[in-house]
Amino acid sequence: MIKAIACDVDGTFLRNDMTYNVELYKEILDLLDKTGVKLVFATGNQYNQVQRYFDNSFHCAAENGTILFLDGKQFSVDCLDKETVTKILDITNKHTGFATLLCGTKSTYLEHVNDAVYATLKTGFMDIEIVDDLRKIEDDIVKVTLFFDEGFNYETINAMFYELKCFCSPTTSGFGYVDIMKNGCNKATGLAKFNELFNITFDDWIAFGDSNNDLQMFKAINNNYAMKNATNTLKDEATHILDLTNDEDGALKKIKELLKNEANL
């Protein structure tokens, strides 16, 4: 019996043009109401970034599980302490080829970049403040994000991850992003707090994803589905691999199918 669904957003729920099948989603909402199954969006995005796609309030494990929302109301946040943020910047500043952002509870902070990079980042972050020095930000920081505008440089990423993994949780995400969270924080740890609220366990969930930041979620939720367009690393961890991509509404179609089975329709 399914009691909850964890669904990634970019590359999974959304198509590559950042749209989704609205009519199919309405059918899913109706089936969720009939079955009592909970839907939680598990995403590396900010909540307000996801919110712009929907008319309804929703549950969300945002910022890779560091900020949690129940029906649109924040109920939990896991922040990096200032010392850890400084250590992360000490490591990332030794390398080049990416933009560095600090994602806080009030805003997202960025040092000066060229216009093309800034325009791209504005499509992914609702609120960006340009600052002179990231080390002087007065906000609660939930993650540090690196944006590789020309694609991942894995030599650089591997060198940074070697140092970062000693004291925090870094992960590659989609579309050239790397996210660095508080040690031990990921989508799975965020979803575990929903278990307490819903009075369920991970055995009651199904999960959908496409990127490496979904790995811990897939490890926690054994009944999982990787998109056809998922990374090979995630596919290797997946219990099921869908025959359809996000552009073909693969996750939504499977969710509808599973919910119809739950509703005996």
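Two strands count as a pair if DSSP finds at least two bridges between them. Helices (H or I, at least four residues) and strands (E, at least two) are themselves DSSP runs, numbered from the N terminus. What you're looking at is a predicted model: local features need pLDDT of at least 70, side-chain atom pairs count only at pLDDT 80 or more, and totals for chains, interfaces and linings use all residues. Residues are numbered from 1 along each chain as its sequence is written, and side-chain values use heavy atoms, with hydrogens and water left out.

**View 1. Strand 8, at one edge of a six-stranded sheet, and its partner strand 7.** The six strands form an open sheet in the order 8-7-6-9-11-10, with mixed pairing. Strand 8 (128–130) and strand 10 (168–172) are the edge strands, each pairing on one side only. On average, neighbouring strands here are turned by 25 degrees against each other, direction ignored. Zoom in on strand 7 (residues 108–110) and you'll find that strand 7 pairs with strand 8 in the parallel sense, over three bridges. Tyrosine 109 has glutamate 129 in strand 8 as its bridge partner. In general, strands of a sheet pair through backbone hydrogen bonds, either parallel or antiparallel.

**View 2. Helix 6 across the sheet strands, with helix 4 packed against helix 6.** Helix 6 lies across strand 9 (141–147), strand 10 and strand 11 (177–182), running at about 160 degrees to strand 10. Angles go from 0 to 180 degrees between N-to-C directions, and axes are lines fitted to C-alpha atoms, for helices over the stretch in contact. Helix 4 (residues 82–92) packs on helix 6 (residues 154–164) at an angle of about 150 degrees, their axes 10 Å apart. That makes the two helices roughly antiparallel (under 35 degrees is roughly parallel, over 145 roughly antiparallel, 65 to 115 roughly perpendicular, the rest oblique). Ile88, Ile91 and Thr92 of helix 4 meet Met160, Glu163 and Leu164 of helix 6, where contact means heavy atoms within 4.5 Å.

**View 3. Helix 2 alongside helix 10.** The axes of helix 2 (residues 22–35) and helix 10 come within 10 Å and cross at roughly 30 degrees. That makes this pair roughly parallel. Plenty of side chains to look for: the contact includes Leu24, Ile28 and Leu31 of helix 2, and Leu252, Ile255 and Leu259 of helix 10.

**View 4. The hairpin of strand 4 and strand 5.** Strand 4 and strand 5 (residues 73–77) pair in the antiparallel sense over four bridges. Leucine 68 stands opposite serine 76 in strand 5. Two residues sit between the strands, and aspartate 71 in the turn has a positive phi of about 50 degrees.

**View 5. Two loop residues with a positive phi.** Most residues other than glycine have a negative phi. Glutamate 63 isn't a glycine, yet it has a positive phi of about 50 degrees. Look for glutamate 63 in the loop between strand 3 (59–62) and strand 4 (67–70). Is glutamate 63 buried or exposed? Glutamate 63 is buried, with a relative accessible area of 3% (buried means under 20%, exposed over 50%, partly exposed in between, using a 1.4 Å probe and protein chains only). Aspartate 249, also not a glycine, has a positive phi of about 60 degrees. Aspartate 249 sits in the loop between strand 14 (240–241) and helix 10 (250–262), and is buried at 8% relative accessibility.
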